[in-house]
Amino acid sequence: MRVLVVEDEVNLAETIRDGLGVEGFTVDLVHTGVDGLWAATETPYGAYDALILDIMLPGLSGYEVCRQLREREVWTPVLMLTAKDGEYDQADAFDLGADDYLTKPFSFVVLVARLRALIRRGAPQRPVVLSAGDLRLDPVQRRVTRGTDEISVTAREFALLEFMLRHPGDVLSRTAIIENVWDAHFDGDPNIVEVYVGYLRKKIDHPYGRTAIRTVRGAGYRLDPAGG
């Protein structure tokens, strides 16, 4: 298994390389974001089974490297490695297409376990911009557009639409929506889902004569992959 490590702390990078070598990995090392992006894109696609990517890098940040990789449709699993441990930092990494996140200092045993898990799962496509027909949502820029029109949505409406766009064509129950858009411990009125679906329809469907969000009676809601 071949891994690219992009880490500017040379001693740490070499420690990771040596440790992974003992575990049977073949490791390539680079120390800047620019070199990391070049290696991940210019090396024949599929050559790397996973990338270990630091966030604070010279040249290009790990965030930007990950964003550009996904924009170029390079879906190699990415494990972010960083000293930053805020929940917003983690959210940013996942929004940009990262697959996992590990905070320094870390357990090498955990690093290897997570790396093997990523490789077992493979490289699912994680487009930076989610779309259904001409309906598009950009998690990084927090933008929703329909065709050339930009649509203003609230944070909750954005979260609901993002969840639906990540599961196009699937029937999503109210329970699933609440657990993913609100939280698993939400104890308010479950009809709140119907209210927010209505809000979204008024913004992304009704003005355009579309029916992207469809009600599946007795089951939940479904987003048309074609955008309605």
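Colleague: Which elements cover the buried residues of helix α2?

Modeller: This is a predicted model. In it, helix α2 spans residues 33-42, and its buried residues are G33, G36, L37, A39 and A40. The elements covering them include β1 (2-6), β2 (26-30), β3 (50-54) and α3.

Colleague: Why do the buried residues of α2 count as lying on the same side?

Modeller: Take G33, G36, L37, A39 and A40, the buried residues of α2. Look around the helix axis. They lie on the same side of α2 because they cover an arc of only 165°.

Colleague: Is D54 buried or exposed?

Modeller: D54 sits in strand β3. Leaving aside neighbours within four places in sequence, D54 is in contact with V6, E7, D8, G62, L81, T82 and K104. Buried means under 20% relative accessible area. D54 has 3% relative accessibility, so D54 counts as buried.

Colleague: What does UniProt list for D54?

Modeller: This comes from a record, an unreviewed UniProt entry. Such annotations may be inferred rather than shown by experiment. The entry lists D54 for "modified residue: 4-aspartylphosphate".

Colleague: K104 touches D54. What kind of peptide bond joins K104 and P105?

Modeller: P105 lies in the loop between β5 (100-103) and α5 (108-121). Most peptide bonds are trans. Between K104 and P105, omega is about -10°, and the bond is cis.

Colleague: Which residue in the loop between α3 and β4 has a positive phi although it is not a glycine?

Modeller: The loop runs between α3 (62-71) and β4 (78-82). Most residues other than glycine have a negative phi. Here phi is about 65°. The residue is exposed, with a relative accessible area of 55%. Its name is E73.

Colleague: What is the strand order in the open sheet of four strands?

Modeller: Start at the edges. They are β6 (130-132) and β9 (149-151), and each pairs on one side only. The twist averages 20° from one strand to the next. Pairing is antiparallel, and the order is β6-β7-β8-β9.

Colleague: Which helix packs on this sheet?

Modeller: Look for contacts with β6, β7 and β8 (143-146). The helix covers residues 155-165, and its direction makes about 110° with that of β7. The helix is α6.

Colleague: How many bridges link β6 and β7?

Modeller: β7 covers residues 135-138 and pairs with β6 in the antiparallel sense. L130 stands opposite L137. S131 has R136 as its bridge partner. The number of bridges is three.

Colleague: Which residue takes a positive phi in the hairpin of β6 and β7?

Modeller: Two residues lie between the strands of this hairpin. Look there for a phi near 65°. The residue is G133.

Colleague: Which residue stands opposite R136 in β8?

Modeller: β7 and β8 pair in the antiparallel sense over four bridges. R136 is also the bridge partner of S131. Opposite R136 in β8 stands T145.

Colleague: Is T145 buried or exposed?

Modeller: T145 belongs to strand β8. Not counting residues up to four places away in sequence, T145 touches D134, L135, R136, E150 and I151. The cut-off for buried is under 20% relative accessible area. T145 has 11%, so T145 is buried.

Notes
Residues are numbered from 1 along each chain as its sequence is written. This is a predicted model: local features need pLDDT of at least 70, side-chain atom pairs count only at pLDDT 80 or more; totals for chains, interfaces and linings use all residues. Side-chain values use heavy atoms; hydrogens and water are left out. Two strands pair if DSSP finds at least two bridges between them. Axes are lines fitted to C-alpha atoms, for helices over the stretch in contact, and angles run from 0 to 180 degrees between N-to-C directions. Contact means heavy atoms within 4.5 Å. Buried means under 20% relative accessible area, exposed over 50%, partly exposed in between (1.4 Å probe, protein chains only). The arc is that of the directions from the helix axis to the C-beta atoms.
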